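Me: I should like a close look at a single part of this structure, explained formally and step by step. Please start from one pair of residues and then widen the view to other parts of the chain.

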Amino acid sequence: MTDQIRVAVLFGGASSEHEVSRRSAYAIMSHLDDKYEQIRIGITKNGEWLLYTGDPARIPGGEWESDPTNRPCLISPSTAQRGLLLPDTGECLPVDVVFPVLHGKNGEDGTLQGLLDLARIPYVGCGTLASATCMDKAAANMLLAQNGIPEAKFVWCYASDYAEDPAPIEARIAAELGYPVFVKPANAGSSVGVTKAHDASELPEAMRIAAHEDGRIVIEEAIDGHEVECAVLGNDHPVASVVGEILPAVEFYTYDAKYQDENSRLAIPAELPAETTETIRRTAVQAYRMLGCTGLARVDFFVRHSDGAVLLNELNTMPGFTSISMYPKL
């Protein structure tokens, strides 16, 4: 067909979520119909871009990287090309749209979106600012709070400040949040670097783990409640899906619980009162629009057991698309 839409599917990435990206991308590739011509671009953990023309089934397990036909490639920021450059031949492959199936840093955080904006190549998902803001938990939390969207109480700090003088930060956490708390890197995804500190003695190690992922750290009160998620789709008039509940196999929804532990379950729809469900869906769209999201995002919430309060947790601008991921199921 000559009228196929040429979609460049990017997968992998220099991110702690590299493996999840491969699985998400394979699921998406498997469901793209003949309307699209697929151009598959794999990004290694070291950040090398490769044009992959082999069997897509070799992508989830990482075998694709050893394919001898892989060719170096890059997306030029120049609007003169608007496509994929192959340095070995100087050839340019025109691209109609990019589907950046990249989770976490160096893909979901606005860096890639900025490159595509420069090149004027359309892409799936949120734009540069929304991607960067939603990835940064400190920035997103402050904007949500300023706009009156209920969320868990939080404080944030620079990892370097805590390393130099932890006492004032620890005092603030004790006074404003109490224990237990969740300690998170400001920029990371899929619960990477997140630790639950049950008391003050566990805080230093939790801070060390978070600091390994990012230079800023967010500390949030632990919410005893349902963990629920809502998928949002659209641009000017986004729509919210039904609400799903996460039933993790462990104390909280860790990286392994999300992607490897088959004992974690999803309840769709969530068993919540209709009024609560509608509050979640309405707030999901409100936060989505307020943070400037377009295309798609998954919005995560807590529903507190004690009073039924709906508290927004975070927005994910390129949620997982694996066979057990919440967004495609919703």
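**A pair of residues and what surrounds it**

Reply: In the predicted model, L247 has R265 of strand β15 as its bridge partner. This pair belongs to the pairing of β14 with β15 (residues 265-267), in which the two strands run antiparallel and are joined by three bridges.

Strand β14 also has a second pairing to consider. Strand β13, covering residues 225-234, and strand β14, covering residues 239-247, are paired in the antiparallel sense through six bridges. One residue pair may serve as a landmark here: C230 has V243 in β14 as its bridge partner. The connection from β13 to β14 is a hairpin of four residues. As general background, the side chains of a regular strand alternate between the two faces of the sheet.

What kind of peptide bond leads from I268 to P269? The bond is cis, and its omega is near 0°. P269 is located in the loop between β15 and α9, the latter spanning residues 274-290. A cis peptide bond also joins Y179 and P180, where omega is about 5°. P180 is situated in the loop between α6 (166-176) and β10 (181-185).

Two other loops contain a residue with a positive phi. R82 is not a glycine, and its phi is positive, near 50°. R82 is placed in the loop between β5 (74-75) and β6 (83-86). Because its relative accessibility is 40%, R82 counts as partly exposed. R120, likewise a residue other than glycine, has a positive phi near 60°. This residue lies in the loop between α2 (111-119) and α3. With a relative accessible area of 58%, R120 is exposed, because the cut-off for that term is over 50%.

From that loop one may turn to α3 itself. In general, a pair of packed helices is described by the angle between their axes and by the distance between the axes. Helix α3 (residues 128-135) packs with helix α4 (residues 137-146) at an angle of about 100°, and the axes are 5 Å apart. Helix α3 is therefore roughly perpendicular to α4, because angles from 65 to 115 degrees count as roughly perpendicular. On the α3 side of this contact are T133, C134 and M135, which meet K137, A139, A140 and L143 in α4. By character, the residues of the contact comprise five nonpolar, one polar and one charged.

Terms used. Residues are numbered from 1 along each chain as its sequence is written. This is a predicted model: local features need pLDDT of at least 70, side-chain atom pairs count only at pLDDT 80 or more; totals for chains, interfaces and linings use all residues. Side-chain values use heavy atoms; hydrogens and water are left out. Two strands pair if DSSP finds at least two bridges between them. Axes are lines fitted to C-alpha atoms, for helices over the stretch in contact, and angles run from 0 to 180 degrees between N-to-C directions. Angles under 35 degrees count as roughly parallel, over 145 as roughly antiparallel, 65 to 115 as roughly perpendicular and the rest as oblique. Contact means heavy atoms within 4.5 Å. Ala, Val, Leu, Ile, Met, Phe, Trp, Tyr, Cys and Pro count as nonpolar, Asp, Glu, Lys and Arg as charged, and the others, Gly among them, as polar. Buried means under 20% relative accessible area, exposed over 50%, partly exposed in between (1.4 Å probe, protein chains only).
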